[in-house]
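User: I'm new to reading protein models. Could you take me through this one and explain the terms as we go?

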Amino acid sequence: MSFSSVYLKKISCILVLVLVMSSCSSDDARINNPNLTPIAFNVSLNTNLPEYSNLQFPGNAVYVGNVGIQGVFVINTGTGIRAWEAADPNHVPNQCSAMVLNGVEVTCSCEDNTYNLYTGQDKAQSQPYTLLPYRVAQEGSLIIISN
């Protein structure tokens, strides 16, 4: 084996390692919002039940109460299921910070902040925090949401 082939193998290994490490993601952005304190929960939604059957079709969203901080919004994006905290991420939770579902957007009545459920971004893209995402797993007709 020549020096150059050993050198190329080492460089290739380093490049692969760098690519693997850079593709790893963390939950730091999800939990670094000072306004929302994470609450541990785990909930299963059966899409065969009438209240969640809309989630079988892309573009439909539902509100699930009594989980998370102020509830959870769940949407079928067409490429998967996303779940978001229902409290406005840009101020401390209070009586008016629970957002209201309107199609594929949610709005906070406190400050009229409006967010898109596909991306979590606010409509004006001027707020410092996006919606707080939750983990989602699908097993057949069950959607499992957790924090």
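**Cores and sheets**

Analyst: Happy to! In this predicted model, the largest nonpolar core has 18 residues, and Leu 45, Val 72, Val 74 and Ile 145 touch the most other members. The elements that give two or more residues to this core are strands S1 (42-46), S2 (61-64), S3 (72-76), S4 (81-85) and S9 (142-146).

User: What makes Val 74 a contact partner of Leu 45?

Analyst: Contact means heavy atoms within 4.5 Å. Val 74 touches Leu 45, so the pair meets that cut-off. Val 74 also touches others, including Leu 55, Ile 81 and Ile 145.

User: Which residues belong to the other core?

Analyst: Apart from the largest core lies another, of eleven residues, among them Ala 61, Trp 84, Cys 108 and Leu 131.

User: Why are S1 and S2 said to stand at the edges?

Analyst: The open sheet of six strands has the order S1-S9-S8-S4-S3-S2, with antiparallel pairing. S1 and S2 each have a single partner strand, so one side of each lacks a neighbour in the sheet. Neighbouring strands here are turned by 25° against each other on average, direction ignored.

User: How do you know that S8 and S9 pair?

Analyst: Pairing needs at least two bridges. Strand S8 (residues 133-139) and S9 have five bridges, in the antiparallel sense, so they qualify. Glu 139 stands opposite Leu 142 in S9.

User: What makes S6 and S7 a pair?

Analyst: Three bridges join strand S6 (residues 105-107) to S7, and the cut-off is at least two, so they pair. Val 106 has Tyr 115 in S7 as its bridge partner.

Methods
Residues numbered from 1 in each chain as written. Predicted model: local features only at pLDDT ≥ 70, side-chain atom pairs only at ≥ 80, totals over all residues. Heavy atoms only, no water. Core = buried A, V, L, I, M, F, W, Y, C linked by side-chain atoms within 4.5 Å. Buried < 20%, exposed > 50% of the residue type's maximum accessible area, 1.4 Å probe, protein only. Helix = DSSP H or I, 4+ residues; strand = E, 2+ residues; numbered from the N terminus. Axes fitted to C-alpha atoms, helices over the stretch in contact; angles between N-to-C directions. Lists of a residue's contacts leave out its neighbours within four places in sequence.
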